Amino acid sequence: MKLLLLFLFFISTVVAQTTLCYKKDTASTVLEKTTLLNGGECQGKLSVLNMEKENWELSDTKIVNDNGVFNHIYIFNKETKEDEIASVISSSISDSAPQYRQTVKKMDLRSKQLEIYELSNSKAKIKLGNLKIGQSGVIVHNGSKEDSIIIAVAQVIDTNSNYSTIQIKKKSIVKQDAIPTSKHIASNGDTFILNHIYSSSLLIVPNSKAKALVVLNYPNQKFLSEDFFASYLKVISTPVLNKEDIMNFAQSQQIGTVFIVIKNTLYIKDSITFKTIDKVTLNINDSTTQVPFYSKIEKIEKGLLDFGADKIADYNLYYSSLVNNTTYSNNLSSNNNDDDKTLFQSVKEIFTW
């Protein structure tokens with residue numbers, strides 16, 4: 001156990017050299033490698049080509065469609081000896097310490113295909129009971145093989161031991177204006193795919209130990225890098241995220257579930273309904289927090305004309321209010337002058353005279 005804790009200590013302290021560059025508000029989904037990028041090490045002076053020449057490796061890219069204009073995000077890493085050590089340590093935890101994988105009662109997140117029946121007033125039944133209120137999926141029109149198409153989303157609104165009732169809503173599962181919408185409406189005999197894309201998840205955790213535990217205990221989940229979500233928040237200048245930010249990002253990236261860790265509790269949220277579909281206790285026992293959440297992306301700052309809070313004051317209190325849909329005051333300590341500015345002070349900093 002001491003060796004295992006030592007492994008976890010290394011994981012939490014070894015951080016790869018990472019930088020984020022971006023290009024906002026472009027008209028194209030494709031950028032030349034010579035295009036100068038903003039942010040991070042780029043600062044409007046370096047391109048992808050320049051960064052590669054300086055031994056930065058382009059590890060990931062993402063394109064975010066924002067009402068017809070495109071924001072390009074690039075994450076660069078530099079290979080270090082510490083990275084190799086971290087990789088070995090992570091492998092050691094997974095392979096040689098199976099006792100660290102907790103025995104927890106987890107709900108089944110696998111997708112299931114079910115026929116809908118007794119359709120009336122946008123409600124239908126499925127022959128599967130004991131589900132969670134808020135579980136969602138998609139309705140697939142059962143035409144010919146070539147004509148099968150997703151025509152709506154649906155969520156569980158009632159359940160018993162024999163069957164469940166779903167509410168159907170005509171809504172696109174893909175946030176993409178270029179894809180034409182179908183004129184089909186749901187009918188008896190169509191297929192409801194429960195837990196559609198639940199295997200794709202967004203992870204919001206306070207520290208590296210929490211991340212390691214969740215990933216270890218959910219080996220079948222495909223977790224999108226938290227750095228991408230942090231990069232998205234950085235590009236849209238949103239250091240204090242809300243439920244809508246999470247849901248919009250999840251939909252744009254085809255993410256079905258959101259894993260949020262608060263202290264020693266994991267909450268699994270449906271990304272469409274934002275209902276809690278599972279709650280699991282994990283032995284994290286690490287009180288350290290990073291805001292807005294654990295990632296390698298730093299300095300997520302608000303826009304110049306945004307006079308709201310510029311960071312989350314308390315990770316645990318904030319996300320507790322988020323998962324429970326309660327009000328939270330994001331007041332920071334009055335001793336922190338940077339975080340306790342009046343509107344007049346903020347305006348003075350922008351418009352100097």
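A residue is called buried when its relative accessible area is under 20%, exposed when that area is over 50%, and partly exposed in between (1.4 Å probe, protein chains only). The model is predicted, so that local features need pLDDT of at least 70 and side-chain atom pairs count only at pLDDT 80 or more, whereas totals for chains, interfaces and linings use all residues. Residues are numbered from 1 along each chain as its sequence is written, and side-chain values use heavy atoms, with hydrogens and water left out.

**Exercise 1. Salt bridges**

Classify the accessibility of K211 and of its salt-bridge partner, and place both residues in the secondary structure.

Solution. Start from the criterion, by which a salt bridge is a side-chain nitrogen of Lys or Arg within 4 Å of a carboxyl oxygen of Asp or Glu. K211 meets this criterion with E226, the closest N and O atoms being 2.9 Å apart. The two residues belong to distant parts of the chain, since K211 lies in helix α4 (residues 208–217) and E226 in helix α5, 15 residues apart; helices here are DSSP runs of H or I with at least four residues, strands are runs of E with at least two, and both are numbered from the N terminus. K211 has a relative accessible area of 28% and is therefore partly exposed, whereas E226, at 7%, counts as buried.

Next, extend the search to the whole structure, where five salt bridges are found. One of them joins D108 to K112 with closest N and O atoms 3.0 Å apart, and shared partners connect D108, R110 and K112 into one network. D108 is partly exposed at 31% relative accessibility, and K112 is partly exposed at 27%.

**Exercise 2. Aromatic pairs**

Determine the geometry of the ring pair formed by F223 and F259, and compare the accessibility classes of the two residues.

Solution. Rings of Phe, Tyr and Trp (its six-membered ring) pair if their centres lie within 6.5 Å, and planes under 30 degrees apart count as stacked, over 60 as edge-to-face and the rest as tilted. This rule yields 10 aromatic pairs. The ring centres of F223 and F259 are 5.2 Å apart and the planes stand at 85°, so the arrangement is edge-to-face. The pair links distant parts of the chain, with F223 in strand β12 (residues 222–224) and F259 in strand β13 (residues 257–262), 36 residues apart. F223 is partly exposed at 21% relative accessibility, while F259 is buried at 0%.

For a second geometry, take F229 and Y232, which are stacked, with 6.3 Å from centre to centre and 15° between the planes. Both residues lie in helix α5 (residues 226–235), three residues apart, about one turn of the helix, and both are buried. Ring pairs also connect F229, Y232, F249 and F293 as a cluster.

**Exercise 3. The surroundings of β14**

Establish how far strand β14 is enclosed, and identify the strands that pair with β14.

Solution. Six of the six residues of β14 (residues 265–270) are buried, so the strand is largely enclosed by the rest of the structure. Burial applies to both faces, with T265, Y267 and K269 on one side and L266, I268 and D270 on the other. Two strands count as paired if DSSP finds at least two bridges between them. β13 and β14 pair in the antiparallel sense over six bridges, and F259 stands opposite I268. β14 also pairs with strand β15 (residues 276–281) in the antiparallel sense, over five bridges, with V280 as the bridge partner of L266.
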